[in-house]
Structure formats: C-alpha cells, structure tokens
Amino acid sequence: MASYNIIHLVVCLTFLSLLQLPMPSHCADPGPLQDFCVADLSSPLLVNGFPCRKPETVTSNDFFFDGLQKRGRVFNPLNVNLTEVDVFAFPALNTLGVSMNRVEFLPEGENPPHTHPRASELSLVTEGKLFVGWVSTQYILYWKVLTAGEVFVIPPGLVHFQRNVGEGNAVFYAFFNSQNPGISKIAPTLFYSTPLIPDQVLTTAFNVNQTIIDLIKSGASVLLP
Ligand SMILES: *[C@@H]1O[C@H](CO)[C@@H](O)[C@H](O)[C@H]1NC(C)=O
Ligand SMILES: *[C@@H]1O[C@H](CO)[C@@H](O)[C@H](O)[C@H]1NC(C)=O
C-alpha cells in the first residue's frame, strides 16, 4: 500500500511538473536552422514555409523591401488599402518568423472582423484616429481609440477589427510573429465559402429565418477577400 502511494505521488508530481514546463507555442513559427533561407517561391516542393534559394545567389537586395514607399491610392469598398509585407511579398522573411502590414483608411474605413490564425499582432498607429478592438474567448471586447505613436496588441487567433473614427485618413502598421500570419475574415468565411455553408446551418446558428440570411448574403458580397 505504502509503495503504491509513493508511485502514485511520483506520477502526480511528474504530471504536475510537466504542466509547468513552458508549453511549445502552437502560434509562432518554428526557429530557423540557418542564418537565412530566402524563399524560392517557385519551387514545386511543399514544406512548412518555402525551400531556400542557394545562399550564393542571395545579395543585400534580397533583404531589402521598398514596397511601402508608395502610399495606397486604391481603396476597397470598405475604404481600406492593405499592403502586406509577408513572405510572398518579401521572400527573405522565410523562416524568420516575422512580417508586417500597412493599412490605410479613408474616413469611416473599416478592416472588418477577422483573425490571424498563426500570429499575435502589434498595431502601431502613425496617423489619424483608429478604433481597435478584439474579443476574447470569454466574449469580452477589449478596445482602445489610438492616435499617432500608440500601440495595441492583439493575441493570436482572436477576432479583431479596426475602424477609422477620425475626420481624416488613418494609417497603422501591424507587426506579426509569423512570416505568413494568414487572415480569416468572418463574413466571407460564413457567407461566401466554396461550396457555401448550407443555409439551415446559418439560420440555426444565428436563430433567424432564410430571408435574413439572404439579406446578409446579398449585402456581404463587397466583403469578398
Ligand atoms: C493599395 O494601393 C496601392 C497603390 O495605389 C495598390 O497598388 C494596391 O493594389 C492597393 N491595395 C489594395 C488591397 O487595394
Ligand atoms: C423573417 O424574420 C423577420 C425578422 O424577425 C420577419 O420580419 C420576417 O417576417 C420573417 N420572414 C419570414 C418569411 O418568415
């Protein structure tokens, strides 16, 4: 009996100490195994990230990106212009675990509710007045109205949005701990998947009738990615 108790105690302590180990994050890119691995975006190989170009073909220019110099002039129907600086736009980010975006808003422009499944987000406002909010898994909205120089952080995978609440344009830069944070927009996910989610699922999910679902679908076409 005594030895059973000791074994039981050891098993429990081992389990408890395992719980206290730092858990490997499931929401950050794995660390690099070499100094750099500039992506070969044309490789037919499918790996977690992209295969590296031969290091001897890489120059300083590969670590340089000037695509943010030009201000956005083309705005989507929600009055937003998004410039992504991820591994697709800037292949040197491959394996480095970082990326960024610049988002510009006309007055009342909105980046509608979405998630980044693979990254936390640091948002730095550089111009204007921006309402930034995210909702926890306890359905609490955390929010702030930011002006130039102010920062808000958005935890990985949670639903968030930004809206220009100032008189003029607003600009913010988002920084991610992933080369490819991914974006999953809520409205197109629910109403414009291929194939479509069956209407019965949506009428039940929102507790409304078919007319209301049709109405939302007809209005939401501008939200297509
Ligand atoms: C943002 O503006 C730039 C420059 O006008 C344009 O090339 C780009 O396509 C726009 N991005 C979006 C998502 O509309
Ligand atoms: C659907 O629901 C709306 C809101 O409750 C209601 O006004 C409308 O009459 C309903 N339509 C049908 C066809 O039941």
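In which strand does phenylalanine 175 lie? In this predicted model, phenylalanine 175 belongs to strand S9, which comprises residues 170-176. The residue is partly exposed, its relative accessible area being 35%. Because a residue counts as buried only under 20% and as exposed only over 50% relative accessible area, the value of 35% places phenylalanine 175 in the intermediate class. Phe175 also contributes to a nonpolar surface patch, in which it is joined by Leu122, Val151 and Val153. Together, the four residues of this patch present about 330 Å² of accessible area.

The overall organisation of the protein was examined next. The protein contains four helices and 10 strands. Read from the N terminus, the succession of elements is α-β-β-β-β-β-β-β-β-β-β-α-α-α. Of its 225 residues, 30% are classed as buried.

Strand S9 takes part in an open sheet of five strands, arranged in the order S1-S2-S9-S4-S7 with antiparallel pairing. The edges of this sheet are occupied by strand S1 (80-85) and strand S7 (151-154); each has a single partner strand, so one side of each lacks a neighbour in the sheet. From one strand to the next, the twist averages 20°. In general, the strands of a sheet are paired through backbone hydrogen bonds, in either a parallel or an antiparallel manner. The edge strand S7 is paired with strand S4 (residues 121-127) in the antiparallel sense, over four bridges. Within this pairing, valine 151 of S7 is found opposite leucine 124. Val151 is also one of the residues of the nonpolar surface patch described above.

A further set of pairings involves strands S5, S6 and S8. Strand S5 (residues 130-135) is paired with strand S6 (residues 141-146) in the antiparallel sense, and six bridges connect the two. Tyrosine 142 of S6 is placed opposite tryptophan 134. S5 is likewise paired with strand S8 (residues 159-164), again in the antiparallel sense and over six bridges. Here glycine 133 has phenylalanine 161 of S8 as its bridge partner.

The hairpin of S5 and S6 has five residues between its strands. Tyrosine 139 is located in the loop between S5 and S6. Its phi is near 65°, a positive value in a residue other than glycine. In general, most residues other than glycine have a negative phi, and most peptide bonds are trans. Tyrosine 139 is exposed, with a relative accessible area of 73%.

A positive phi of about 65° is also found at asparagine 79, which is not a glycine. Asparagine 79 is situated in the loop between H1 and S1 and is partly exposed, at 28% relative accessibility. Although asparagine 79 and asparagine 169 are separated by 90 residues in sequence, the distance between their C-alpha atoms is 9.9 Å. The loop between helix H1 (2-20) and S1 also holds asparagine 48. Asparagine 48 is exposed, with a relative accessibility of 73%. Its C-alpha atom is 9.3 Å from that of proline 30, the two residues being 18 residues apart along the chain.

Backbone geometry was also considered in the part of the chain that contains helices H2 and H3. Threonine 194 and proline 195 are joined by a cis peptide bond, with omega at about -10°. Proline 195 is located in the loop between helix H2 (186-191) and helix H3 (199-206).

Finally, the annotated positions were located in the model. According to an unreviewed UniProt entry, the annotation "binding site" covers His114, His116, Glu121 and His160. These residues span 47 residues in sequence, yet no two of their C-alpha atoms are more than 12.1 Å apart, so they gather at one spot. Among them, histidine 116 is placed in the loop between strand S3 (110-115) and S4. Histidine 116 is buried, with a relative accessibility of 4%; this assignment follows because buried means under 20% relative accessible area.

How values were computed:
Residues are numbered from 1 along each chain as its sequence is written. Chains are lettered from A and ligands numbered from 1 in the order in which they are written. This is a predicted model: local features need pLDDT of at least 70, side-chain atom pairs count only at pLDDT 80 or more; totals for chains, interfaces and linings use all residues. Side-chain values use heavy atoms; hydrogens and water are left out. Patches are made of residues with over 30% relative accessible area and no salt bridge: like charges are joined within 9 Å, nonpolar side chains (Val, Leu, Ile, Met, Phe, Trp, Tyr) within 5 Å. Accessible areas come from the Shrake-Rupley method with a 1.4 Å probe; for residues, only the protein chains shown count as cover. A salt bridge is a side-chain nitrogen of Lys or Arg within 4 Å of a carboxyl oxygen of Asp or Glu. Buried means under 20% relative accessible area, exposed over 50%, partly exposed in between (1.4 Å probe, protein chains only). Two strands pair if DSSP finds at least two bridges between them. Axes are lines fitted to C-alpha atoms, for helices over the stretch in contact, and angles run from 0 to 180 degrees between N-to-C directions. UniProt positions are given in the numbering used here, feature names are shortened, and annotations may be inferred rather than shown by experiment.
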